[in-house]
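Visitor: I should be grateful for a close look at one part of this model, the nonpolar core. Please set it in the context of the chain around it.

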Amino acid sequence: MFFQVPAELLAAIDEANSHYPVSKRSASLPLLHLWQEHFGFISDEAIKWIAAKLEQEPIHILELVTFYPMFRRAPAGKRHIRVCRTLSCQLAGSYELRDAVAKAAGIDLAKWEEEGAHHANAGHGNPIAVSADGEYSVEFVECLASCGSAPVAMVDDMLKENVCADQAADLLKLRKSDATLPKVLPPHPKERRIVFKNIDRKGWTNDIECYVRDGGYAELKKALKMTPDAIVGEVKASGLRGRGGAGFPCGTKWGFIKRGGPKPTYLICNADESEPGTFKDRYILHQDPHQLIEGMLISCFAVDARLAYIYIRGEFPEAAQIVEKALAEARAKGFLGKDILGSGFDCEIYVHRGAGAYICGEETGLIESLEGKRAYPRIKPPYFPAVLGLYMCPTIVNNVETLCDVKHIIAMGGAEFAKIGKPNNTGTRILCVSGDVVKPGYYEVEVGSLTMGELIYDVCGGLKEGRKLKAVIPGGSSAKVLKAGETYNVKGKTITLEEIPMDFDTIAACGSMAGSGGVIVMDDSRGMVEALNNINEFYAHESCGQCTPCREGALWMKKITDRILDGGGTERDPDMLVKIGDGIAGKTICAFGEACSWPTQSFVAKFRDEFAGKSQKQIPPPMPPEYSPGELIANETIEPVDAPRGNGSEIMAPAATR
Amino acid sequence: MSTATEVPMLNVQIDGAWMQFPKGTRAIEACRQATKFIPHYCYHPKLSSPGNCRMCLIEMGLPKMTPDRKPVVGTDGKPEISWIPRPQISCALEITEGMAIRTSSPMVEECRKGVMEFLLINHPLDCPICDQAGECKLQEFSVEYGNAQSAFLDQKVKKPKNVELGPRVTLDAERCILCTRCIRFMSEVAKDDCIGIVDRGSYNTIACHPDKPLVSNYSLNTVDICPVGALTSTDFRFKMRVWFLKETKTIDVNCGTGSNIIIGARENVIYRITPRDNDAVNGCWLPDSHRLNFKYVNDERRLKQPMVKGEPVEWRTAIAIAAEMLKAHASDTIALIASARSTNEELWLTRRLIEELEIDKQHDVIPRAGEADGLLVAADRNPNTTGAHLLNICTTRSGARLKKIADGVRSGQIKALVCLGEDATKAGLTEDDLRKLDALVVMDILPNKTTAHATVLLPASAWCEKRGSMINVKGRLQRLNKAVNAPGQSRDDWEILRDLVQAVSGSNGLHMIEDVFKQMAGKVKEFDGLSLSKIGDLGVQIIEEEAAK
């Protein structure tokens, strides 16, 4: 080894290792993060060093470095700026921002692209352009999960929101104090703040004293006096459905866990918030981490999990620090660790950071990632997390918002919680609105208490001056797009887009999904081919590449929309796009197949004119038709074996009698 | 005796017909047993199922249930099926009672067409120069299940080509369909987890870390199981189109495992050796060291001409002189070194020669001990020590008498030595010792220090040039088959030995190798009731595994 690993880094590495008592391999991502924070990039030597440290094969570390886009194999600039590329930010001008940042930093992006530098290390990787003096570097990254304040950029570890292209130069010398989250307006009257009660609350701080002063950890005390079955019962009674996207009933999921089995149970908080259009978890992690910790501890007690992880996406470095500090505070106060509050219940929670891979939001992909592998989702059956999850043990994976809801279910009781919202769509939902509305942002409402029209026009202040609604993506970018002017038949009633109540079931009945609650609004200035192209680029970039249809199809769809936008669209392309989408959805290992094909299927179906208008080139002539395979076979005449050839006397005697 | 508990049988409907399969059977295997082949790439019966290629999608149904969870029975007395609208992979799907499968419905065919199209859009379609052509699953399934035309108009993804993954395996990443069979084989079977995937999405590429290439002695198995032309054997690459290869089923002779193999040869030249499935012996694997060890067969120094004292002679002259020389010696002055690489038939005739010459305890084989690798390479590097022992050529400890023979030669007590397929200098004798002998009868295929001093030299056949049988270290009797012809005047070993026995004893009666086996089976109880043809392609267990050790 040609380098010295400093003592403080070694100490941090040993600490990280201690968080994974079951498998050393799990510490791969934390070690890579620590290394990159210290040395700036992951060198070839680093890969070998980390592999040796964790007793892994070096290829397994190389696999990770090339899979997770946040790891780089060459140095970035002294100040590294990540500009969000994804839909809401693009709508708000992130492409212009990226160019402006590059210009301010003295980076010639056109030349850099021409030189093909972005293919230097990895095929998929986020190309990093570094200024000649090494001072600055620019990276175009996928969704930073702050869509309500688009466009956004991360300057080193600091998030800068609402940053216009003319502020690009300021980004280069951004200070910590400039990068704080802006305060939003007080809650809208139509909101009902439960989970977001403390978010942007006047006088609220994210330390434990503030939380306890406000009555925090009372529900944990209450829960520890209940039986685990009673807690599961309350959660079942509450009708709480998962807030991550699929909307699976939380109590039912917990009910799959058989307590007292031979294997330990694990609980994982899915804080890999990465569905474009969604940015709710960020606020909870930043501003109210103890609410999450309390919810997790109650949940751990209910499913008898003694070890839990919070999987925080890599693009939330500050959130990870905040949550780690909160965990330390909780540990110091006896809420976490051995014999919690004298109950005899032991539970430990650790933060595990992702590194820029959307697929880690898929629960089995997340588990693989937590095991220190590429986040390849597992096949189900047989790998249902409740049976064969983390380290092949029973595992519960819940979204941040869901786990927070648990605290409130214990506070008010399952039956009371079930009265909020609508039957089968209980509780509140945090709707994250981004795109072309006057007041984008988060809004916590009772599920279904509000229609799409009320959300857009009333709560969010309507569309921008002189603009009309064109399309809404109601549940994160993978949800099927809804077109203004469409009507839907729901339970025998015809309703318009504006009349759709924001609940799970009705949005599903309208042919889309409530998903993660990320509502992206587009007005009549937007081109749908451009919008779909942006989404396609996201999914092509984020496909893990494990299974065939998604690996090949996601990139193919992106190539077609790229070509259409470049003026090379052929008459066949709109149909081809739909056909590719049909070939992916329902045929893949995980729901990413649907996530990447639903946008294409719905955009082309609903905005066909726009696609057809840009796809008018003649299809290149096929190869000259010679024979179809059928004709070839028909023309081939093969004599049957038993038919005599020539006269009978020429038939050879069988070999045995010769 | 089987002590396994009874496995319950489950009723499964496959394409409309109800059948029974043991619990635990995977759907893809149940369909195969029902002669409904389901195309697949990533699935391999000996490896875990990642379910990533999506080629084996089928339509699945389960019995319709009444509200009180009882199956609804139709008018035909069979359960009614409720079909799941979403296709399921059959490779990781365990059958359950009442499961129904459609292996070819419009939905299934649509799925397969889709997957084939996806697999081919970024594939280079360089079949004319691809070694896999002719045994490529992409080609085969394209014909069976694919589309005639491609709708792909855009740039293909570029990936590394002609990558040396290891000393014996070459990767073309553009042809790779990322089924991960090679990764799983190295991890699960070879226990050398050295292959992984780098990059992401459509750019995913199979790779080894530069410091840890694919050096395993099992690396070429990844080539065998690669369903496409991504991994090719560096040795076989561009040597021969596979459809020209004449395939011969035989067994490997590089160690006592007796792995089952296929020799691919054309016009008397061997081009490659690949494993042949036999779950009782080698599964479907073969060590690289064994499969590549065939080049010596084509060596131009092969012995092709019978010689007496360095002069070429006719066969009958060579045999007659050898017999005369041996008969002229008293039995206690003759020693015989045979080979545990010989077939049972050859060893049986050797036994007869020993008996006719009345050689007593001055005969043995040369042991070849190595280290077992825990997989397929046995510690015994002779393929037929069990046979040599069974036929009394050696004691249970092969090579135990070699020192006595060497001492005898050195002291002048032994004056005639017969070496059958072995170099006596590997048995403790020096060339000076050999020079002292009155008679040295040597049968071999390549020149060595012993052949240089032979009074009578009898050119024989290599293992792939002859038929016969051997018994592996676990007591399994298996068959060698002839893939190519022996060069020049060299003859099949058993014929040489037969002629020698006849010349010594004057007896007669063996015309075909089957006769040798028959004679042997009449005298040695382990072979009782068997014949060469009854051994079959997969062999017969004739000695209990423990006893064979």
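Guide: The account below begins with the chain as a whole and then turns to the core. The model is a predicted one. Chain A contains 27 helices and 18 strands. Its radius of gyration is 27 Å, close to the 26 Å given by the globule rule for 658 residues, so chain A is as compact as a globular protein of that length. Along the principal axes, the C-alpha atoms of chain A fill a box of roughly 105 × 70 × 65 Å. Of the 658 residues in chain A, 55% are buried. Among contacts in chain A with a separation of 6 or more, 72% join residues 24 or more positions apart.

In soluble globular proteins, nonpolar side chains tend to be buried together. The largest nonpolar core in this model has 264 residues, and the members that touch the most others are A:Val101, A:Ile268, A:Leu297 and A:Ala308. Helix H14 of chain A, residues 289-303, supplies the largest share of this core, with nine residues.

A:Ala308 merits a closer view. Leaving aside residues up to four places away in sequence, A:Ala308 touches A:Tyr266, A:Leu267, A:Ile268 and A:Cys269. Its other partners under that condition are A:Met296, A:Cys300, A:Cys347 and A:Ile349. One of these partners, A:Ile268, is itself named with A:Ala308 among the members that touch the most others.

Another core lies apart from this one and has 93 residues, including B:Ile261, B:Ala318, B:Ile337 and B:Ala454.

Methods:
Residues are numbered from 1 along each chain as its sequence is written. Chains are lettered from A and ligands numbered from 1 in the order in which they are written. This is a predicted model: local features need pLDDT of at least 70, side-chain atom pairs count only at pLDDT 80 or more; totals for chains, interfaces and linings use all residues. Helices (H or I, at least four residues) and strands (E, at least two) are DSSP runs, numbered from the N terminus. The radius of gyration is taken over C-alpha atoms; the globule rule is 2.2 Å times the number of residues to the power 0.38. A residue is buried if 20 or more other C-beta atoms lie within 10 Å of its own, exposed if 12 or fewer, and partly exposed in between; C-beta atoms are placed from the backbone. Two residues are in contact if their C-beta atoms, placed from the backbone, lie within 7 Å. A nonpolar core is a set of buried Ala, Val, Leu, Ile, Met, Phe, Trp, Tyr and Cys residues joined through C-beta atoms within 7 Å.
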